[in-house]
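Me: I am new to this structure and would like to understand how its descriptions are arrived at. Could we go through some of them slowly?

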Amino acid sequence: EHDLEHNAAYVVQERTDESLSTGGSAALVATVEQVKQAFPDLPTLQDTLDSVLGRELERYVAEDRAQDALTLLSDCASTFANDSADELKEIVYERWAQAEADSHDLAEAVRIYDLGLAELPNSSPLKQNRDYFSSKLE
């Protein structure tokens with residue numbers, strides 16, 4: 001049974017990757033709904049979906065397309081558990097702000113942390129890093 005679950009997770013990963021790369025968020029959402037119907041009790045489904053979306057979000061941020069990453073996450077929000085969506089959103093804001101800080105634009109990094117905290121006011125990492133970079137501006 002473990003092999004079947006592992007193989008199903010692999011097929012899900014490949015299918016969702018393909019849907020996202022060829023049809024964008026709408027195709028991904030449709031594929032996820034099909035997968036949920038086909039494998040309603042697959043225990044690794046959420047982790048697999050988080051992984052697929054997480055890799056794509058990281059790629060967008062690395063390509064200086066953080067707003068596209070947030071749009072993708074918003075478009076796909078219905079397919080993910082709330083805590084997963086929040087974790088992924090936190091990662092996007094963190095990577096985006098860090099990229100600005102790495103470019104020595106600390107004011108922009110603080111602005112991005114503020115945007116993230118407006119959506120995720122209880123995020124300790126965003127708050128801590130915002131405070132850290134804000135103190136470097138003073």
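Me: Leaving aside its neighbours within four places in sequence, which residues is E90 in contact with?

Reply: In this predicted model, E90, a residue of helix 4 (residues 82-102), is in contact with L120, S123, P125 and L126 once those neighbours are set aside. Contact here requires heavy atoms within 4.5 Å.

Me: Why is E90 called partly exposed?

Reply: Buried would need under 20% relative accessible area and exposed over 50%; E90 has 22% relative accessibility, and therefore counts as partly exposed.

Me: What makes the contact at the start of helix 6 a polar one?

Reply: A side-chain oxygen of S123 comes to within 3.2 Å of the backbone nitrogen of L126, and the cut-off for a pair of N or O atoms is 3.5 Å.

Me: How do you know that the buried residues of helix 6 line one face of the helix?

Reply: The buried residues of helix 6 are L126, F133 and S134. Seen down the helix axis, they fall within an arc of 105°, so they line one face of helix 6.

Me: How do you know that the span of helix 5 agrees with what is expected?

Reply: Helix 5 (residues 106-119) has 14 residues, which at 1.5 Å a residue should span 20 Å, and because its end C-alpha atoms are 20 Å apart, the two values agree.

Me: Which residues of helix 5 are buried, and what puts them on the same side?

Reply: A109, V110, I112, Y113, G116 and L117 are buried in helix 5. They cover an arc of only 160° around the axis, which puts them on the same side of helix 5.

Notes. Residues numbered from 1 in each chain as written. Predicted model: local features only at pLDDT ≥ 70, side-chain atom pairs only at ≥ 80, totals over all residues. Heavy atoms only, no water. Helix = DSSP H or I, 4+ residues; strand = E, 2+ residues; numbered from the N terminus. Expected span 1.5 Å × (residues − 1). Buried < 20%, exposed > 50% of the residue type's maximum accessible area, 1.4 Å probe, protein only. Arc of directions from axis to C-beta. Polar contact = N/O pair within 3.5 Å; in protein donor to acceptor, adjacent residues only side chain to side chain.
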